[in-house]
Structure formats: C-alpha cells, structure tokens
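Reader: I would like a close look at one part of this model, the sheet of five strands, and then a word on what else stands out. Please keep it plain.

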Amino acid sequence: MSASNIPPAIFAIGRNYPEHAKEMGGAVDPNPIIFMKNPACVIGDGQAIVIPTICQRPGPQVDWEGELAIEIGTTCKNVSEADALGMVRAYRAANDVSARWWQKQGSGGQFCRGKSFDTFCPLSLPTRAERVPNPQSLRIITRVNGEVMQDASTADMYHSVAKIICVLSDATTLLAGTIILTGSPAGVGASRKPPIFLKDGDIVEVEIPGVGRVRNPVLSEK
C-alpha cells in the first residue's frame with residue numbers, strides 16, 4: 001500500500017453482531033464499542049498478511065474478521081443519522097486481522113495494539129456508494145484455504161452503518177478518506193473448538209458480493 005493510499009484514520013466497531021458477541025463470550029452494547037487501528041497497517045488485495053514474531057508467542061493467535069468497511073468522502077462532524085449515508089464515498093470488503101493475546105492480555109485490555117500490527121487491515125478496492133443501494137442488505141463471506149468460515153448478512157448488525165457514522169461524528173471530525181470497519185459476524189477462528197488461527201501458507205479471502213473481494217496469503221515472519 002503506497003503512502004498516498006493510507007487513510008487518515010481507521011475506526012472500528014467491536015461486537016456489532018449478536019452472534020459474534022456471543023461466540024466471544026460477550027454481548028452487544030447499546031453504545032457502539034469503538035477502537036482504532038493504525039492506518040499504516042492497511043494492505044491491498046494479493047499482499048501478504050505477515051504474522052510478526054511477537055504474535056507467534058505465547059502461541060498461535062492471529063485471527064480473521066471479515067467486515068464491511070465504509071470510506072468517508074466528506075470531512076464531517078455532528079452528522080445526523082438521517083444524513084449519515086450521504087457522507088459515504090465508497091464501501092470495501094475488509095479483514096480486521098486480530099492478534100488475540102495482544103488484544104485481550106497483552107495491552108491492558110485495549111484492542112488497538114492487537115489490531116494494528118503491520119498488514120493487519122486488508123482492504124479491497126473501493127466500490128462507489130451509489131452502486132450500493134442498501135449497506136444493510138449485503139452478504140459477508142470469509143474463506144480460509146477455500147473453506148467458508150463466515151457467511152452472514154449486514155442486516156444482522158446491531159448498530160447500522162448510519163448509526164455508526166452518526167455516533168462517531170458526534171463532537172468528532174471525521175476526515176475525508178477515513179475508513180470505518182463496521183464489525184465482524186460470527187465464525188472467527190478463536191471461537192472454534194479447537195481454535196483455528198492463521199498460519200504460514202494460508203490464504204484468507206473476504207468477499208462482499210456487489211462490493212468487493214480481498215484475498216491475501218499469510219506469511220510468518222522468520
């Protein structure tokens with residue numbers, strides 16, 4: 001990803017699908033759970049997700065989270081829910097790659113560190129907002145080595161795209177180009193029995209029909 005394509009900010013929403021919240025041992029919150037990712041962790045289709053050495057201990061932990069991403073097109077603040085979708089320039093398929101130990105134990109309970117390692121935010125090419133008539137009627141499919149791991153609808157979001165933009169912009173300027181990840185549905189690796197985590201040689205793909213697809217090989221840092 002070139003410097004010119006790095007967004008000014010990446011906001012993300014946690015536990016926005018009830019089934020995902022349940023599988024992770026939590027619950028949805030009446031207020032969106034908000035965290036940020038380092039903009040420098042963005043990569044594009046075909047680029048490798050690199051598992052750094054610090055994410056190889058105390059054991060395997062790097063997980064996938066297929067999500068719908070919003071790209072803000074107009075610098076905005078205090079946007080009403082009724083006007084929120086008018087602030088969207090484009091939609092993308094995204095993978096909120098997550099190092100679970102760093103997310104939960106390694107950083108004092110704060111999500112940012114475990115979500116922000118280099119290469120931990122694959123994004124598809126943008127699809128202009130006018131080509132996506134209803135962001136709450138999209139299918140999200142995540143595959144690992146061709147096997148479907150997540151298959152859900154954005155209709156299942158607890159907080160809608162419009163509400164997320166409204167809440168994030170309250171007393172806060174969202175710069176044009178800001179990316180917002182809207183949350184992951186159920187089916188992540190950490191919730192499986194036994195857990196499944198990404199490893200060297202895997203191929204992970206997030207597809208949102210009508211929006212885009214991002215497909216990335218996985219490499220372990222030596």
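Author: What follows takes the five-stranded sheet strand by strand and then turns to the rest of the model.

The model is a predicted one. The five-stranded sheet is open, and its strands come in the order β4-β15-β14-β11-β12 with mixed pairing. At its edges are β4 (49-51) and β12 (147-153), and each of these pairs on one side only. From one strand to the next, the twist averages 15 degrees. Strands of a sheet pair through backbone hydrogen bonds, in either the parallel or the antiparallel sense.

Start at the β4 edge. β4 runs parallel to β15 (residues 212-220), and three bridges join the two strands. Within that pairing, Ile-51 has Ser-220 in β15 as its bridge partner.

Moving inward, β15 also pairs with β14, here in the antiparallel sense and over six bridges. Glu-207 stands opposite Arg-213 in β15. The two strands form a hairpin with three residues between them, and Gly-210 in the turn has a positive phi of about 90 degrees.

Pro-209 is also found in the loop between β14 and β15. Is Pro-209 buried or exposed? It falls in between: Pro-209 counts as partly exposed because its relative accessibility is 39%, and that class lies between the buried limit of 20% and the exposed limit of 50%. Leaving aside residues up to four places away in sequence, Pro-209 touches Leu-138, Arg-139 and Ile-141. Pro-209 and Ile-141 are 68 residues apart in sequence, while their C-alpha atoms are 8.6 Å apart in space.

The next pairing joins β14 (residues 203-208) to β11 (residues 139-144), antiparallel and over four bridges. There Val-144 has Val-204 of β14 as its bridge partner.

Back at the β4 side, one loop residue deserves attention. Thr-119 sits in the loop between α3 (112-115) and β9 (121-122). Thr-119 is buried because its relative accessible area is 12%, and the limit for buried is under 20%. Not counting residues up to four places away in sequence, Thr-119 touches Cys-41, Ile-43, Ala-48, Ile-49 and Val-50. Residues 49-51 make up the edge strand β4.

The other sheet can be described in the same way. It is an open sheet of six strands in the order β2-β1-β13-β6-β7-β10, with mixed pairing. β2 (33-37) and β10 (127-128) stand at the edges with a single partner strand each, so one side of each has no neighbour in the sheet. Strand β6 (residues 66-72) runs antiparallel to β13 (residues 179-181), and three bridges join them. Ile-70 has Ile-180 in β13 as its bridge partner. Helix α4 (residues 161-168) lies across β1 (10-14), β2, β6, β7 (88-95) and β13, running at about 55 degrees to β6.

Last comes the largest pocket, with a volume of about 210 Å³. Its lining has 16 residues, and those nearest the centre are Arg-15, His-20, Met-24, Gln-103 and Phe-111. β1 and α2 (100-104) each supply at least two residues of that lining, and α2 gives the most, with three. By type, the lining of the largest pocket divides into four nonpolar, five polar and seven charged residues.

Technical notes
Residues numbered from 1 in each chain as written. Predicted model: local features only at pLDDT ≥ 70, side-chain atom pairs only at ≥ 80, totals over all residues. Heavy atoms only, no water. Pairing = 2+ DSSP bridges. Contact = heavy atoms within 4.5 Å. Axes fitted to C-alpha atoms, helices over the stretch in contact; angles between N-to-C directions. Buried < 20%, exposed > 50% of the residue type's maximum accessible area, 1.4 Å probe, protein only. 1 Å grid on protein atoms, 1.4 Å probe; cavity = no way out; pocket = protein on both sides within 12 Å on 5 of 7 lines; lining within 4 Å. Points joined across faces, edges and corners; volume = space filled by probe spheres on them. Nonpolar A, V, L, I, M, F, W, Y, C, P; charged D, E, K, R; others polar.
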